[in-house]
Amino acid sequence: MRRALTALLILGACSRAPAPTPRAAGGPAAAAPAGDAIVFHFADHAGAAQRSGPSLVQAFGKLDYPAKLADPYSDAPDGPRVVELALSDADVSSFGTADAHSRKPVRFDAVWNRTRAVYESRRALFSPGENRYQFTVPATAHGELALSLAVAPDSGDVEFAIAVDGSVKLRQLVRAKDAGVWFPLTLSLPPGAHQVAFASHGEGAGFFGDPVLVDRGAGAPAPNVLFVVIDTLRADALPATPRLRALAAQGAYFSQAITAATWTRPSVVAMLGGDLPSALGQSAEDMIPKDSDRRRFYAVAPPLLPRVLAKSGRRSVAIGNNFFLLGYPQIGLTLGFDEVDDIRHPVLDTPAITRAAIRFMSEHKNEPWFLHLHYDAPHWPYTPPREYLERVPDMPFPSDAMARAYLAEAAYADDYLGQVIDALDQLGLSSKTLVIVVGDHGEVFDHAHAHTVAAVRQPTLHHHGWSGYDELLRVPLVVRMPGKIEPRLVKDQVSLIDVEPTIREACGIAPRAGERGRSLFPLMRGGTLPARPAFTEGQNVRVIRAGGFAYLRRADGTITLGDGKTVNRKEELYDLLPDPLEHNDVATRQPIDLARMRVLFEAEAPMLPEAPVALTHLALAPDVRTHVVTGTVRSNGALSIRGLAGAEAAPLDAHSLQVSLRGEARLDLAIDPSDATLEIALAKDGTPLPPRRILIGQFALPLLAVENGPTLVIDGEQLAWLDAARAPAPGSRGDVLLWRDRQRRATPPFVAPDARASSEVASMMRRWGYAQQGGR
Amino acid sequence: VSLYRATVGAFKKTIGTGPAAGALALMVFFGLDFVGATLDFMGFSDEKATRLIVHRYGAQIVLDQLRILLTYLLVGAAFGTIGAFIGRLHDRVRSVVPSTRRRVVRGVTAAVVGHFYFFARSLVRTPQLYSEAFYERGGARKTLMAWLTDHLTPLKLDLLLFALLAFAIGRPLLSPAGRALANRFADRLAQVRRRRWATGGYLLLLALTMADARSQHPSRPRHAPNILLIAVDSLRQDRVFDDNARRRYPTLAALADKSVRFKQAHVTVPRTFPSFVTLLTGRFPHHHGIRHMFPSREERNAIGPALPSALSRAGYRTAVMSDYAGEIFSRTPLGFDEVDAPFFDMRTIVAQRGLQVHPNVLPYATSRFGRRFFPAVDALPEMSDPARLARRASAWLGETRQPFFLTVFFSAAHFPYAAPYPYYRRFSAPGYDGPFRYQKPPLSAPPSGETDRAQIRALYDGAVAAVDDALARILATLERDGLADDTIVVLTADHGENLYDLPERGMGHGDHLHGDAADHVPLLILDPRHRFRPHDVSGVTRDVDLAPTLAGLAGAKPPPNDGTDLLPLLAGERDTLSLSAFSETELWFISEGPGFGPEERLPYPNITGVTDLAPDDDVFMRPEWEDTVIVAKHRAVRDARWKLLYQPTREGVRWSLYDLKRDPDERDDVLDVHPDVAVALKRELVAWMLGDARMAFRGGFLVPR
C-alpha cells in the first residue's frame with residue numbers, strides 16, 4: 001500500500017516536471033511568466049555531501065588570509081566545509097558595472113582599501129588541494145548550476161572541475177596570479193541529472209562560491225523581498241527624502257515605528273530575527289562582542305531571514321555599506337546571506353550599491369530573491385556631495401550646519417533609493433516584490449539631549465548607540481507591494497521587530513514559534529493589533545515606550561551634562577503627549593507613572609538566552625571492587641562544576657580542580673572556552689594513573705601518543721577526539737573515562753584576530769565615528 | 001426451576017458429548033503450561049525489554065494466546081469426536097445407551113491418548129522444542145523426557161497407536177453384532193467410493209490437460225547454465241575436505257569428488273547476514289553497508305546491485321529458499337524473484353515466545369497444517385529440518401523454467417544444532433545425559449568438560465548429516481528432472497564454526513578471528529557445461545570472488561564488485577591468484593566470551609542495549625551505537641602463509657602475526673620475529689580498512705572521521 005502510494009507520488013511528480021510551457025511575456029496585463037526555481041543551495045547540504053580530500057581543519061588553519069570564517073550555520077563532521085570568504089576589490093567607482101569582472105585582483109591592502117574597497121563575500125564550499133564534494137540533487141528539467149570560483153590569495157593554482165552524474169562537464173584553471181577574484185559561471189545540467197560533484201586539484205585552496213541549482217522555468221512566481229535599510233535615518237527626515245515619501249504614498253507608511261536597538265548591528269539582527277537583540281542571543285551592549293558572546297549567538301539564534309528565505313527557494317543577497325554583516329571582522333556577525341557585497345566608501349558607496357542592486361535585479365529577474373540593501377550615507381561622517389546640500393528644505397530640526405549636512409546625506413541616499421525603485425518598476429517586478437524601506441535608528445541632534453556617557457566615555461550629540469531619546473528611536477518604515485498592500489498611513493506604534501514576521505507572511509512562511517514580533521499585515525489591511533509596548537536596547541541604556549510614555553533606564557547612570565556637571569541619572573521618564581521633544585524628565589514628578597513604567601519595563605526586558613555549553617565528563621566505570629580516583633584537573637580556560645555523581649570536586653582556583661571519584665562516579669565540567677587545553681593528573685587507589693589509562697572520547701580509546709609522564713595533556717587536534725555523540729560504554733572494569741558532549745552546532749574555528757584584521761576594524765570604527773578608546 | 005432443569009439438561013447433553021469433553025480436557029493443558037513458564041527475549045530476561053514487549057505487543061500476545069487456546073479446543077474436540085465415534089461403535093454393538101459420565105470419560109480419554117501420541121511423537125522427533133520445558137528443568141521432567149527419547153521412536157509410537165486403535169475398533173467389530181455393522185458400513189462406503197472415483201477421474205484428466213499445456217510452453221533456448229547454490233550454515237571446511245568426514249557425509253564427499261575443490265576459501269564476516277550479502281554482491285561489507293545482523297530498513301534497501309538481480313536481468317529465474325537463519329532473505333532486497341524464507345521481526349519473536357510457553361500445543365502448531373496458523377514456527381531454530389527444505393527445493397526444481405539461479409540455504413547446522421530425529425543422536429555417546437543432550441543453545445552455560453564438548457560436536461555432526469541426506473535428495477531431483485547436465489552446483493557456507501577446537505576459542509562464529517574455524521569455509525564448484533577437471537585449488541579465495549565468478553560462468557554482467565573472477569583456478573590454469581583474504585568480527589551479543597574477553601575488545605552494551613524497535617516492529621541497531629560497533633571490530637588479513645590480526649582494546653591496539661605454515665592453529669604470535677612481514681601485511685590491511693571512506697586512523701585506532 002505504502003509502495004503504491006509512493007509510486008503514485010513519483011508518477012505525479014514526473015507528470016508535473018515537463019509541465020512548464022514558455023508563455024509569451026505580453027504587456028503588463030499578461031500573467032507572470034513561470035519563474036525560475038532555486039531548487040538546491042549546495043552550501044546548505046554540504047554536511048551531507050560525500051567528501052574526500054585533505055583535512056579541512058588543517059587546511060583552513062593554514063590559509064593565510066584574514067577575511068575568512070568557517071560558516072557557523074553549517075555543521076560538517078570533518079571541519080569547515082562551508083566558509084565565508086570575502087575578496088576585496090578596490091575599485092568602488094566601477095563596482096556594479098558590466099565590466100566589473102574584468103578587473104584585476106586586489107590584495108588586502110594594509111593602508112587605504114579597507115575603508116575604500118568592496119568586499120565580495122560568498123558562502124562558499126571550501127575545497128583545498130585535491131578535494132571533492134559529491135551531492136545528490138533533486139532532478140530538474142532545465143537545471144542550471146550557478147556559482148562563482150575563486151582561489152584564496154597567496155595559495156596557488158587550482159584546477160576546478162564540476163562533474164555531473166560521473167562525467168566531468170567543466171574544467172577551469174584559476175592561476176595563483178588571478179587569486180582573490182570571484183569568477184562567476186553557469187553550467188546547464190542534462191534533464192534528470194541527480195549527482196553533482198565539485199572537485200579541485202592543485203596546490204592552492206579553491207572556493208566554490210554560493211553554488212545553487214536553478215531549474216529554469218519550473219517555479220511558480222514567488223514574491224521577492226527588497227529590504228532597504230538607510231542607516232541613521234530619523235523619522236522626521238522625511239521632508240528631505242522625496243523618493244521615500246513617494247514610495248510611502250504607494251504603500252503603508254508607519255509614522256510610529258520604533259527601532260529595536262539604537263545602533264546598527266543589533267537593530268539589523270532584530271529586524272532579520274523578529275525579536276529583540278538580547279532575545280536572539282546578541283545584546284546591544286558591546287561593539288566588539290566577546291568571543292563567547294559570538295559563540296552563544298551562533299548557537300542560540302534562531303534561523304534569521306536570510307537563511308529562512310534561502311531555504312524557501314530564494315537567493316539571499318546583501319549589498320551595502322555595513323561591515324557588521326560579515327562574520328570575520330571582530331565587530332561583525334555572519335547573518336546567513338549567500339552573498340554579501342560590502343562596499344566601503346564614505347561617498348561613492350551609495351551609487352555603487354545602487355548599481356550593484358540594479359544589476360542584481362536585472363540579472364535575476366526570473367528568480368525569487370531576497371535583496372537587502374544598506375545605505376550608509378546619513379551615518380557619520382556627514383559628507384554629502386555638494387548638490388544635495390542645496391536640496392535640503394527648511395525643517396523643524398535644529399538648523400545648524402551639522403543637521404543640514406546630515407539631511408543632505410539623507411537626500412543623497414533617497415535619490416539613489418529612487419533609482420532602485422525605478423529599476424524595479426521598469427523590470428516589471430513591482431507587483432511581485434515586497435519593498436520595505438526602514439531606518440535602523442536615528443541620531444541625536446537636540447542639544448537638550450547632549451551629555452557624555454561615562455560608561456562608554458562618549459558624547460551623545462551627533463551620535464547614537466548609547467542614548468535612548470525619541471529622536472533615536474523613531475524611524476521611517478515604508479512597506480510597498482502594489483496590489484497586495486493598499487496605500488495607508490498607520491499611526492499605531494509598531495516595532496522594527498515586526499519586520500521579520502511581516503516578510504514571512506508576504507512570502508507565505510509561517511511565523512516562527514515564540515517570536516516577539518508580529519506581522520503588520522492586519523494594520524496594513526486597515527485592521528488593528530492590540531497595543532504593545534516597544535522596547536529598545538542600546539549600549540548602557542534601554543528604553544520602553546508605551547501608552548504615551550517613554551521610560552529610559554541606564555545601567556550606569558553616570559553622565560556628564562553640558563555644563564560640566566556629572567550626575568547619576570539611572571532613570572528618565574517622558575510624557576510624550578505634552579512633551580514630544582522630551583525636554584522635561586517627569587520621573588520624580590509622576591511617581592505613579594514611573595512605577596507603572598518600571599513594572600512594564602521589567603516585564604518586557606528580554607533575557608539573554610543561556611549559552612549551551614558542551615560539558616566535559618570525567619567518569620569512573622563500575623567494577624566488582626570499589627575504586628577511588630583522586631587528582632587534579634587543570635585548564636587554561638575557566639573550569640566550573642556542573643554536575644557530580646559519586647564524585648567530589650573542589651576548585652583550587654578558576655583554572656584547576658581537586659577531584660575525587662569513588663565507585664561508579666561521574667563529574668561534569670564546563671570549560672570556557674571549549675578549545676582550552678586540559679591537563680589531568682590522577683591516581684587510582686593511591687597509585688598514579690598513567691595517562692594512557694585515561695580513556696578518551698566516544699570510543700574510550702587511550703591516547704597512545706602521550707608521553708609517559710604523570711599528567712595527561714590534551715590540546716590542539718586532540719581536543720576534538722574528546723567529542724562524543726553519546727556517552728562511551730563504561731564497561732565493568734573500573735576504567736577512567738573522559739569525554740565531551742558533541743555540540744549542537746560545530747563550533748566554528750574562529751580565527752584569532754590577527755593584527756591586520758584588528759587594525760581594519762579600528763580604522764572602520766574611527767571612520768564611523770565610534771572613536772572609542774580601546775580596553776572598555 | 002424449569003429453567004434450571006433445562007440448563008442442566010442442556011449442559012449434560014453438551015458436556016456429555018465427546019468433543020466438548022475432549023476440548024475441555026486439552027484446555028486444562030493450556031492452563032498447566034503456564035506453571036513455571038518464563039518470559040525472555042532472545043535469551044535475555046531483561047525487565048525493561050519485557051515491560052516494553054508487554055506494553056507494545058499486549059494485544060498480539062492476547063490474540064496469540066487466544067489462538068493457542070482455540071487450537072487446544074479444536075484439537076481436543078477432534079480427539080473427543082474420535083473417542084465418541086469409537087464409543088458409539090461399542091454402544092451400537094452392545095446396544096446400550098451410555099451415561100453422561102461415561103461419555104465424558106470417553107471424550108477425556110480420547111483427548112489424553114491422542115494428545116499423548118502427538119506430543120510424544122513430536123517430542124521424540126524434535127526434542128529441542130521441548131527440552132527447555134522438560135529436560136533443562138531437571139527432576140522428573142528431565143527423567144520423563146530422557147526416557148521417552150531413549151525408548152521411543154516415531155515408528156514405535158505409530159505402531160503403538162495403530163495397535164491401540166485396532167484394538168479399540170477391532171474388538172467390537174469382531175463380535176457378531178459388530179460384523180453386521182461392518183458389512184452395512186462397507187456397502188455404504190462402496191457407493192461413496194464409486195462417486196468419488198468419477199470425480200477423481202475428471203480431476204486427473206484436467207490435470208493432464210494442464211500439464212500438457214504447460215509442456216507446450218515455448219521453452220527458451222538453453223544457452224545459459226542453471227546455477228544451484230547450496231549454502232550450509234556454519235559448515236566447516238573440514239567436514240567436507242577431511243578424510244574421516246567422508247564416511248559420515250557420503251553426499252558431500254561424492255559431490256566433492258566431482259567438483260573443483262577450493263581448499264582455502266574464506267569469508268569476510270563470519271556471520272550469516274553480512275556474509276551472505278558479501279557473497280551475493282561481491283562487495284566488502286563497508287561497501288555494501290551490512291556490517292552486522294541488525295541493519296535498519298534503509299540500510300537494507302541501500303545494499304545495491306547483487307548477483308541475483310544481475311542474473312535476473314540476464315533472463316534467469318532467481319529464487320532463494322531457506323529455513324530459520326534464512327529470514328534475512330525475507331527482509332532484504334537482493335534481487336531474488338522468489339523468496340521462500342521465514343519472516344522475522346519483533347512480532348515473530350513475541351509469537352515464538354508465546355508458543356514456547358505452551359509445549360503442549362507445539363505438536364499441532366508445528367504440524368504442516370498448523371504452521372499456516374502459526375507462521376512464526378518456521379523461524380524457530382528448532383524447526384530447521386533439512387529434509388523439509390529439500391522437499392520444497394525439489395518441488396520448485398520440478399516446476400521451474402530455465403535458466404534458473406536457486407539458492408538453498410540450510411540452517412540446521414547453525415547452533416543450537418537442533419537436527420530432528422534421528423540425526424541429533426546419530427553421533428552422540430550413548431547414555432549422555434548432560435545439558436546438551438538435544439541441542440546447544442547459544443547462551444547456555446559453557447560446557448564443563450570434554451564429554452560435553454564431544455556431545456556438542458556430535459550434535460553439530462548430526463545436523464550436517466541431516467543436511468547431507470537432504471542434499472542427496474536435491475541432487476537426485478536434478479538427475480531425475482534431467483537438469484543435472486545444465487546445472488552448475490556450488491556448495492559453500494556463510495561461515496564455519498568454532499567447536500572448541502581450542503577450548504579458549506569457544507563455540508560459534510564472528511566473535512573473534514583467532515584460528516580459521518569460522519572464516520575458512522568449503523567451496524565446491526561443479527560445472528557440467530565447462531566440465532572443469534575435478535581438482536584441489538590451494539590458493540586463497542574470498543567470498544567476494546564468487547559473484548564475479550558465477551556471473552562469468554553464466555555469461556552475465558556481474559554486479560560492481562571487489563572480487564576477482566576465479567576462472568583461471570577453475571580451469572586449472574593456475575593454482576593461486578595470490579589473493580589476500582580480509583575478515584572482520586561482527587556484533588557481540590554479550591559482553592564477554594571466549595576470544596572476546598574484556599581485555600580483548602572495546603566494550604559496548606549487550607544486544608538489548610544497542611538495538612531498538614522500529615514502529616514497524618523491525619529490530620535495528622540504534623544509530624548511536626553503529627560507530628562503536630564498527631570501531632570495536634577485530635580485523636585480519638591472510639595470504640597463503642601469514643595472518644595479521646588487528647584488535648582494538650582499551651589498552652591500545654594489539655597487532656599479532658601468525659605463521660600459518662608452521663603454526664596452523666595460530667597459537668604463537670611471531671610479530672617480533674618477522675617485523676618486515678608484519679609491516680607489509682599491515683599496509684595491506686590498513687588500506688582495506690580505509691576502503692571504508694567514513695573511517696580514518698587516529699592515534700592508531702580506526703575511528704570515524
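Let us begin in chain B of this predicted model, where helix α2 (residues 18-33) packs against helix α3 (residues 47-94) at an angle of about 140°, their axes lying 6 Å apart. Two packed helices are described by exactly these two quantities, the angle between their axes and the distance between the axes. With that angle, α2(B) and α3(B) are oblique to each other, and their crossing is right-handed. If you would like to find the contact yourself, look in α2(B) for residues including B:Gly18, B:Gly22, B:Ala23, B:Leu26 and B:Phe30, which meet a set in α3(B) that includes B:Leu69, B:Tyr72, B:Gly76, B:Gly80 and B:Ala84.

Staying in chain B, we can move on to a sheet. Four strands form an open sheet in the order β11-β14-β15-β16 (chain B), and the pairing is antiparallel. Which strands sit at the edges? They are β11 (581-584) and β16 of chain B, each of which pairs on one side only. Neighbouring strands here are turned by 15° against each other on average, direction ignored. Strands of a sheet pair through backbone hydrogen bonds, either parallel or antiparallel. For a concrete pair, take strand β14 (residues 635-638) of chain B and β15(B), which are antiparallel and share four bridges. Within that pair, B:Arg638 stands opposite B:Lys643 in β15(B). The sheet also has a helix for company: α25 (residues 675-689) of chain B lies across β11, β14, β15 and β16 of chain B and runs at about 60° to β15(B).

Now turn to chain A, which has an open sheet of its own. Five strands follow the order β2-β6-β11-β8-β9 (chain A), again with antiparallel pairing. Its edge strands are β2 (50-52) and β9 (167-174) of chain A, each pairing on one side only. On average, neighbouring strands of this sheet are turned by 15° against each other, direction ignored. Inside the sheet, strand β6 (residues 131-136) of chain A and strand β11 (residues 195-201) of chain A are joined in the antiparallel sense by six bridges. There, A:Tyr133 stands opposite A:Phe198 in β11(A).

Elsewhere in chain A you can find parallel pairing. Strand β13 (residues 224-230) of chain A pairs in the parallel sense with strand β18 (residues 433-439) of chain A over seven bridges, and A:Phe227 has A:Ile436 in β18(A) as its bridge partner. Six bridges join β13(A) to β17(A), which also run parallel, and here A:Ile230 stands opposite A:Tyr375 in β17(A). Why is β13(A) described as largely enclosed by the rest of the structure? Seven of its seven residues are buried, so the strand is largely enclosed by what surrounds it in the structure. In a regular strand the side chains alternate between the two faces of the sheet. You can follow this along β13(A): A:Asn224, A:Leu226, A:Val228 and A:Ile230 point one way, A:Val225, A:Phe227 and A:Val229 point the other way, and all are buried.

Our last stop is the salt bridges. How many are there over all chains? A search of the whole structure finds 81 salt bridges. One of them joins the side chains of A:Arg315 and A:Glu367, with an N to O distance of 2.4 Å. A:Arg315 lies in strand β15 (residues 315-320) of chain A and A:Glu367 in the loop between α8 (349-363) and β17 (369-375) of chain A, so this pair ties together parts that are 52 residues apart in sequence. A:Arg315 is buried at a relative accessible area of 5%, and A:Glu367 is buried too, at 3%.

A second example crosses from one chain to another. A:Asp735 forms a salt bridge with B:Arg650, and their closest N and O atoms are 2.8 Å apart. Because A:Asp735 lies in the loop between β38 (723-724) and β39 (736-741) of chain A, and B:Arg650 in the loop between β15 (642-649) and β16 (652-659) of chain B, the pair joins two chains. A:Asp735 is buried, with a relative accessible area of 10%, and B:Arg650 is buried with 6%.

A third example stays within one helix. B:Glu450 and B:Arg453 form a salt bridge whose closest N and O atoms are 3.2 Å apart. These residues are three apart in helix α20 (residues 450-480) of chain B, which means they are separated by about one helical turn. B:Glu450 is partly exposed, at 44% relative accessibility, whereas B:Arg453 is buried, at 16%. Finally, salt bridges that share partners join B:Arg236, B:Asp238, B:Arg239, B:Arg248, B:Asp461 and B:Asp501 into one network.

Key: Residues are numbered from 1 along each chain as its sequence is written. Chains are lettered from A and ligands numbered from 1 in the order in which they are written. This is a predicted model: local features need pLDDT of at least 70, side-chain atom pairs count only at pLDDT 80 or more; totals for chains, interfaces and linings use all residues. Side-chain values use heavy atoms; hydrogens and water are left out. Two strands pair if DSSP finds at least two bridges between them. Axes are lines fitted to C-alpha atoms, for helices over the stretch in contact, and angles run from 0 to 180 degrees between N-to-C directions. A salt bridge is a side-chain nitrogen of Lys or Arg within 4 Å of a carboxyl oxygen of Asp or Glu. Buried means under 20% relative accessible area, exposed over 50%, partly exposed in between (1.4 Å probe, protein chains only). Angles under 35 degrees count as roughly parallel, over 145 as roughly antiparallel, 65 to 115 as roughly perpendicular and the rest as oblique. A crossing is left-handed if the near helix is turned anticlockwise from the far one by less than a right angle, and right-handed if clockwise. Contact means heavy atoms within 4.5 Å.
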